[in-house]
Amino acid sequence: MAELDDLYHSDQYLGPETLTDLCFKLICDNLDIISVKDKHGHRTLRKGLAFPAEICHKFIEYMQRSETRENDDCFFSIFKDTTATRLKRVKIISCSLTDASVETLMKHKLTDLELTNCTNLTVLSIEHVNANSENLRSLVFHGTSMVIPSRLTFGTDENSPVKHYERGYVFKTPNLRRLALGYVGIPEREYSLLLAGLTNLTHLDLSNCFEVLNFDFYDHVPNLVSLTLYNVKVNGDPIAFVNNICHLKKLRHLDISQSNFKQGQFEHPNRILRRIVLGLPELVSLDIGGTNLAGRGVAERPLDTVLEDLTNNALCDIPGLASRIHKPLQFLGLYGTAHAACKRHDIPAKVIAGDANEDQILIAAHVCMNNKQELLQKVLSDLYHVFRYENCQRMDQALRTVLEAMEKHPYQKHIQISGSATLFYIVKMKEKGELVVGVRKRIISTLLTGMSLHRDEETMMRNGCLALCQFRIPQDVMFNYEALVKVLLHSAKHAEPEGFVQRIGIYLLNSLACQVEGKEKCLLGKLGCVKTMLELVEYRVESGIFDDVLEVAWSTMWNMTDETAINCQRFLDERGMVLFLKCVKRYPGKEELLRNMMGLLGNVAEVDYLRVHLMQHRYVCVFANLLRSNSDGIEVSYNATGILAHMASDGVEAWTLDKPSRDEVLDFMVQAIERWDLSAERNINYRSFLPLLRLLDVYHTPECQHWAVWALANLTNVYPHKYCSLVIKEGGIEKLNALKIDRRPYERIKELATIVIENCCQDNSHSNDGNYLQAHSDAEYSLDG
């Protein structure tokens with residue numbers, strides 16, 4: 001369908017971010033670059049700067065997307081200087097700006113102004129528009145606000161700031177061509193005052209307005225070519241309504257679609273539709289979605305059918321449109337019409353919005369995108385079913401449609417839910433690498449916005465998490481790392497305990513704690529990740545529950561304490577050791593749980609000033625007992641030995657326990673190390689060997705050296721390409737050579753040191769590929785359960 005292709009431009013939505021885009025984003029996230037604040041927080045453009053309209057328009061566009069968005073009035077004060085800034089067309093959605101900002105904007109003598117869901121505006125905004133309206137061609141007030149009071153007669157009140165009846169008009173905009181007003185609640189008789197003086201209007205949109213009734217004020221807008229009355233009740237006296245709008249002989253587009261079933265039901269629907277079509281000779285676009293005006297679908301020939309047409313069997317499956325067989329409409333909206341009108345065969349229209357097929361659904365989405373949220377959420381649900389149960393042919397158009405819908409309507413819960421479900425299937429079906437970086441970022445940002453605004457809606461969180469799992473975590477989300485962490489932590493704390501949303505959120509958090517640097521690990525701790533994980537652990541211990549969330553919570557803490565002392569401190573401060581003991585006691589045979597807990601405590605033990613907190617009888621007894629453990633291969637015993645090696649490295653004076661004694665523990669450590677298979681494959685990942693290499697310098701306690709050098713021998717033996725270069729890079733060869741010639745280490749230590757050196761000499765990969773030194777995880781978690 002060529003007409004559908006015309007609705008989309010491939011570079012409009014799915015191209016990578018341009019350098020210009022990145023510049024505007026940077027500036028709007030850091031407004032101090034171009035402006036300064038006064039003591040009230042209002043911004044003024046820096047001296048010497050001046051911007052043309054094209055740049056000012058982009059500032060406003062990107063400000064609305066900014067992650068560091070500040071008070072809207074403070075931002076718009078930048079444009080008070082009309083000599084240094086220029087504006088022509090302004091579009092603002094869901095902002096907290098007040099009438100004062102509208103005054104600032106209108107002083108630029110705008111040609112187009114659109115204000116949607118700006119709930120702080122009052123009737124005074126119209127006065128600011130009127131005062132600077134000489135160039136104004138298009139004015140849009142969508143959404144609910146008090147721009148139009150519930151009764152214009154209120155203007156006769158002495159306390160009212162505006163005297164509408166006394167002056168005889170609401171809008172003084174003589175050159176206005178387009179006007180859109182939503183949710184106007186004035187009585188029908190006052191529409192004549194509302195539209196007084198607007199005879200030059202060509203486009204009028206009164207969607208969701210009340211008391212329009214029969215459109216008796218048609219004579220105030222005689223030049224209309226487009227009339228939109230979405231969700232306006234016009235079926236009270238449909239004959240009178242049709243007679244009135246048929247006076248608008250220039251009308252080319254008429255929209256009387258409905259999301260309210262009752263308002264869409266007309267008596268004698270075929271007759272009503274026929275009168276509309278015959279009475280509006282220039283009509284080329286008609287939307288009757290959600291009504292019964294398409295009739296029951298019995299094919300009819302028009303009354304004036306000629307013999308030639310009978311021979312050609314010219315039929316029309318929408319009785320009221322039979323007169324348009326030879327002059328089909330350019331567009332016909334049939335989404336949600338009674339009796340499945342969009343699925344009929346003979347329809348006199350070139351482009352149809354409906355739900356009969358993928359093309360009709362995408363067209364319906366395009367039509368509903370801006371101001372038909374109730375229908376749009378149903379359209380997105382239909383699109384979701386296309387992806388789930390059918391074969392989608394227009395995946396790129398669908399992706400653009402879903403992203404646009406979610407971005408334009410972030411507060412509409414059902415749009416976000418349906419959109420996120422569809423994104424899951426789109427991303428899942430796309431080939432890896434098919435989505436360019438800019439598209440991936442846009443999808444992730446859109447999902448995060450929806451999840452942040454609807455974080456207590458389980459379905460939204462489930463859809464969002466499942467969609468995010470289709471990306472590379474954490475690589476693809478690093479640009480919005482903090483926002484994702486905040487959303488997932490909220491989910492972990494507030495989602496249904498033991499539910500799917502909590503579970504998948506914990507898995508994602510664990511992935512976010514892997515393969516990241518200290519900065520991100522510190523951020524996790526700062527945002528409360530350690531505390532939240534321990535709360536999850538405590539709930540399960542107290543409830544006697546063992547599940548994968550318990551294991552992954554400990555794994556997450558293991559990852560985020562890796563070489564991050566502040567998070568190790570947080571673990572201790574939040575009574576993590578108490579829960580460690582409870583878990584050891586309650587779940588003694590759970591191998592992966594033990595491995596994760598001991599791995600975490602290994603990180604704590606690497607921090608010299610925290611080891612004193614581990615020097616307690618109840619803890620050291622557990623560590624010593626686990627030296628003999630065969631759980632999870634050698635991992636639990638290995639980690640227990642590592643913890644004790646770090647504690648023993650502080651010297652005899654630091655060992656303050658009589659039982660078990662330091663010598664006993666050191667003997668147990670050597671016995672454990674000698675039991676391990678030097679060729680054993682490992683379930684561990686080292687990003688740095690510095691903690692191990694530091695132990696090579698502990699000559700006063702060779703047992704500490706024994707554990708460290710065994711670890712290096714094992715890892716360079718089993719994974720030479722991964723770890724040999726790391727040993728060399730971090731100065732390990734020098735330390736090992738020094739150890740070999742020193743008389744204090746016993747012979748087995750020197751044998752292991754020789755093995756490490758030989759492994760590193762045999763492996764030449766470090767000289768061929770310098771990039772492989774960057775550590776990465778051996779395995780990824782399965783996130784789909």
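How many bridges join strand 3 to strand 4, and do these strands run parallel or antiparallel?

**View 1. Pairing of strand 3 with strand 4.** In this predicted model, strand 3 (residues 89–93) and strand 4 (residues 112–116) run parallel and are joined by 5 bridges, where strands (E, at least two residues) and helices (H or I, at least four) are DSSP runs numbered from the N terminus, and two strands pair if DSSP finds at least two bridges between them. Val90 stands opposite Leu113 of strand 4. Together with helix 6 (residues 99–106), strands 3 and 4 make a right-handed β-α-β unit, the term right-handed meaning that, with the strands pointing away from the viewer, the path from the first strand over the helix to the second runs clockwise.

**View 2. Continuation to strand 5.** Strand 4 is also joined by 5 bridges to strand 5 (residues 138–142), and the two run parallel; Asp112 has Ser138 of strand 5 as its bridge partner. From strand 4 the chain crosses through helix 7 (residues 124–131) to strand 5 in a right-handed β-α-β crossover.

**View 3. Surroundings of helix 27.** In helix 27 (residues 617–626), the buried residues (under 20% relative accessible area, 1.4 Å probe, protein chains only) are Tyr619, Val620, Val622, Phe623, Ala624 and Leu626. Their cover includes helix 25 (576–586), helix 26 (591–605) and helix 28 (635–648).

**Notes.** Residues are numbered from 1 along each chain as its sequence is written. Local features need pLDDT (the predictor's confidence in each residue, from 0 to 100) of at least 70, side-chain atom pairs count only at pLDDT 80 or more, and totals for chains, interfaces and linings use all residues, while side-chain values use heavy atoms, with hydrogens and water left out.

Methods: Buried < 20%, exposed > 50% of the residue type's maximum accessible area, 1.4 Å probe, protein only. Contact = heavy atoms within 4.5 Å.
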